[in-house]
Amino acid sequence: MSTATQIFKPSKASAPTASKRAMDTVSKIAGVTLKTPLDEIQLTQRGIAPLALDSLKKMGADSADLHWIIKPRTLAHRKSKSETLTPPETGRWLRAAKVQALAQEVFADKDKAIKWLHKPRTMFGGQSALMIIQSEAGAQLVEDTLNQIDAGYFA
C-alpha cells in the first residue's frame, strides 16, 4: 500500500446530524421527502393538509402556539372544505415543524425541548424561541442556536 493511500483513507460516514434527523421527522409528517431547499419550496407551493397542525400538537405545541400559523376559524374552514393550507400558511407550518423537530433532536427529550422553546432568553431579546420563529430571521436564529447547542457550544 502506498504512503498516500495510508494517509488519505476515506473517513467513515458519521451519524446524521440533529438537523438531518429533524428534517427526516418533518418529511415523515409532511408525507414527502425534504432533502433540499427546493423540496421545501415545492411543498410550500403545493400546500399541506390542515391535519399537519395536529403533528405540531403531538410534538408539544399548544393551540396558543399555533395561532400565528393559521387562525382557528380559518383552520376549521380549510378542514371542512378539505382544502390544503395556502403557501404562506404552509411555509409558517414548515418553519414551526423544523424548529420543534430540531429542538427535540438536540435535547433528546420532548419535555426539555418544549421547556426550552417556551422560555424567554436573553439571546432572543427576552423572547421565547416560539415567539421569534414567527419571522424567518427569528427561525434562522433559533435553528442556529439549536445547532450550536448540539455541537456543544453552549453548556
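Glu143 lies in helix H10, which spans residues 136-151. In this predicted model, Glu143 is buried but takes part in no salt bridge. The nearest side chain of opposite charge belongs to Lys98, at a distance of 4.2 Å. Because a salt bridge requires the nitrogen and the carboxyl oxygen to be within 4 Å, the pair of Glu143 and Lys98 is not counted as one. Lys98 is nevertheless in contact with Glu143, as are Val99 and Leu102, when neighbours within four places in sequence are left aside.

Helix H10 also contributes to a salt bridge through Glu136, whose partner is Arg95 in helix H7. The closest N and O atoms of Arg95 and Glu136 are 3.3 Å apart. This pair links distant parts of the chain, with the two positions 41 residues apart in sequence numbering. Arg95 has a relative accessibility of 13% and therefore counts as buried.

In the whole structure, 6 salt bridges are found. Another of them joins Arg78 and Glu83, with 3.4 Å between the closest N and O atoms. The two partners differ in exposure: Arg78 is buried, at a relative accessible area of 12%, whereas Glu83 is partly exposed, at 31%. Arg78 and Glu83 also belong to a network of salt bridges that includes Glu89.

A further salt bridge is formed by the side chains of Lys20 and Asp24, with an N to O distance of 2.8 Å. Both residues are located in helix H2 (residues 18-30), and their spacing of 4 residues corresponds to about one turn of the helix. Lys20 is partly exposed, with 36% relative accessibility, and Asp24 is likewise partly exposed, with a relative accessible area of 31%.

Aromatic side chains form 2 pairs in the structure. In one, the ring centres of Phe107 and Trp116 are separated by 5.7 Å and the planes meet at 40°, so the pair is classed as tilted. In the other, the centres of the Trp116 and Phe124 rings lie 5.9 Å apart with the planes at 90°, so the arrangement is edge-to-face. Through these ring pairs, Phe107, Trp116 and Phe124 are linked into a cluster. Trp116 is buried, at 8% relative accessibility, and Phe124 is also buried, with a relative accessible area of 5%.

The chain as a whole contains 10 helices and 0 strands. Of its 155 residues, 38% count as buried. Among contacts between residues at least 6 apart in sequence, 60% join residues at least 24 apart. The accessible surface of the chain is about 9,300 Å², and carbon and sulfur atoms account for 56% of that area.

The mean pLDDT of the chain is 89, and 89% of the residues score at least 70. Among the elements, helix H7 (residues 87-107) has the highest mean pLDDT, 96, and helix H1 (residues 3-7) has the lowest, 52. Where pLDDT is low, the predicted coordinates should not be read in detail.

Conventions: Residues are numbered from 1 along each chain as its sequence is written. This is a predicted model: local features need pLDDT of at least 70, side-chain atom pairs count only at pLDDT 80 or more; totals for chains, interfaces and linings use all residues. Side-chain values use heavy atoms; hydrogens and water are left out. Buried means under 20% relative accessible area, exposed over 50%, partly exposed in between (1.4 Å probe, protein chains only). Lys and Arg count as positive and Asp and Glu as negative; His and the chain ends are not counted. Contact means heavy atoms within 4.5 Å. pLDDT is the predictor's confidence in each residue, from 0 to 100. Rings of Phe, Tyr and Trp (its six-membered ring) pair if their centres lie within 6.5 Å; planes under 30 degrees apart count as stacked, over 60 as edge-to-face and the rest as tilted. Accessible areas come from the Shrake-Rupley method with a 1.4 Å probe; for residues, only the protein chains shown count as cover.
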